[in-house]
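Trainee: I have just opened this entry and would like a friendly tour. Could you walk me through it?

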Amino acid sequence: MSIAPSPAREDSVPRTPATPPRKRSGRPRRSRAGRQLHGGRITYAVLGLVTVISLFPLVWTAIAASRNNTRLAETPPPFWFGGNLFKNLEIAWTDANMGSALLNTVVVAGTVSIGTVLFSTLAGFAFAKLRFRFKNALLLLVIGTMMVPPQLSVVPLYMMVAKLSWSDQLQAVILPTLVTAFGVFFMRQYLLQALPTEIIEAARVDGANSLRVLWHVVFPAARPAMAVLGMLTFVQSWNDFFWPIIALTQNGSPTVQVALTGLGRGYIPDQSVIMAGALLGTLPLLIAFVVFGKQIVGGIMQGAVKG
């Protein structure tokens with residue numbers, strides 16, 4: 001009588017040895033979505049070309065300011081710096097009374113920037129979050145003023161300035177530009193996205209009045225857009241020429257752009273001195289951008305992310 005073999009026990013079944021777990025490297029893996037993108041050679045070449053083209057007018061202004069009028073009239077023109085830069089800068093500073101002009105321009109541009117940012121933020125918040133009659137009609141009216149050429153308002157504006165005896169005074173340039181339709185529309189569009197209505201309602205429930213809502217809720221939320229608007233307004237006010245040349249004179253309280261017009265007079269204008277004056281008028285903007293460039297770019301990027 002044959003006996004059937006007993007089934008093999010599970011413990012006696014040979015097993016393949018398990019593969020040991022892989023050791024994780026010390027460097028954290030980056031997900032595909034968080035991977036940094038690197039530009040190729042074409043990208044860097046295009047960016048370098050754009051940078052050179054953007055810097056060429058400024059470099060050429062400095063080169064022309066370091067030469068004399070005779071050398072600038074020759075062909076080909078100079079493409080490197082000369083030795084008359086500081087001499088031409090001194091002449092331009094003296095002839096155009098550049099010290100007083102720079103001070104006047106700082107006062108005008110700074111006051112206009114602060115006023116535009118403040119009033120535009122208040123008006124933009126009202127159009128974005130408050131409810132009142134004819135809100136849409138008033139907003140369309142504000143936007144419609146952007147389509148009116150500024151040349152059409154020069155005559156009535158100058159008549160008003162003359163009636164108030166503000167001719168050749170800085171308030172004639174400051175007050176008409178304390179608020180702009182672009183600033184109101186810009187802040188309104190930003191606050192629509194960056195400021196939730198629930199936060200304002202929560203502040204109201206906590207007992208905050210309108211001033212506290214503006215100071216503790218609206219202004220912190222609108223800070224990036226306010227920085228961008230202030231920068232754009234300051235640059236535009238600094239470079240403004242059309243209205244200041246009408247309202248101001250060179251012998252009174254000129255801005256930089258008005259003062260520079262006195263350098264181009266004469267039978268043969270000295271182009272090197274004119275370029276030196278233009279360089280003097282541009283340097284404060286360059287210094288401001290170098291000092292506050294990181295904050296300005298950070299405000300632009302933060303506003304882009306929130307918007």
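Mentor: Below we take the overall fold, then two loop residues, then a surface patch. This is a predicted model, where local features need pLDDT of at least 70, side-chain atom pairs count only at pLDDT 80 or more, and totals for chains, interfaces and linings use all residues. Residues are numbered from 1 along each chain as its sequence is written, and side-chain values use heavy atoms, leaving out hydrogens and water.

Trainee: How many helices and strands does the protein have?

Mentor: Helices (H or I, at least four residues) and strands (E, at least two) are DSSP runs, numbered from the N terminus. From that end on, the elements run α-α-α-α-α-α-α-α-α-α-α-α-α. The count is therefore 13 helices and 0 strands.

Trainee: Which sign does phi have at Asn 97, and where is Asn 97 found?

Mentor: Most residues other than glycine have a negative phi. Asn 97 is found in the loop between helix H3 (85-95) and helix H4 (98-129). Its phi is near 50°, so the sign is positive.

Trainee: Is Phe 134 buried or exposed?

Mentor: Phe 134 is found in the loop between H4 and helix H5 (135-144). Buried means under 20% relative accessible area, exposed over 50%, and partly exposed in between (1.4 Å probe, protein chains only). At 64% relative accessibility, Phe 134 counts as exposed.

Trainee: Which helix does Ile 287 lie in?

Mentor: Ile 287 has a relative accessible area of 52%, so this residue is exposed. The helix in which Ile 287 lies spans residues 271-306, and that is H13.
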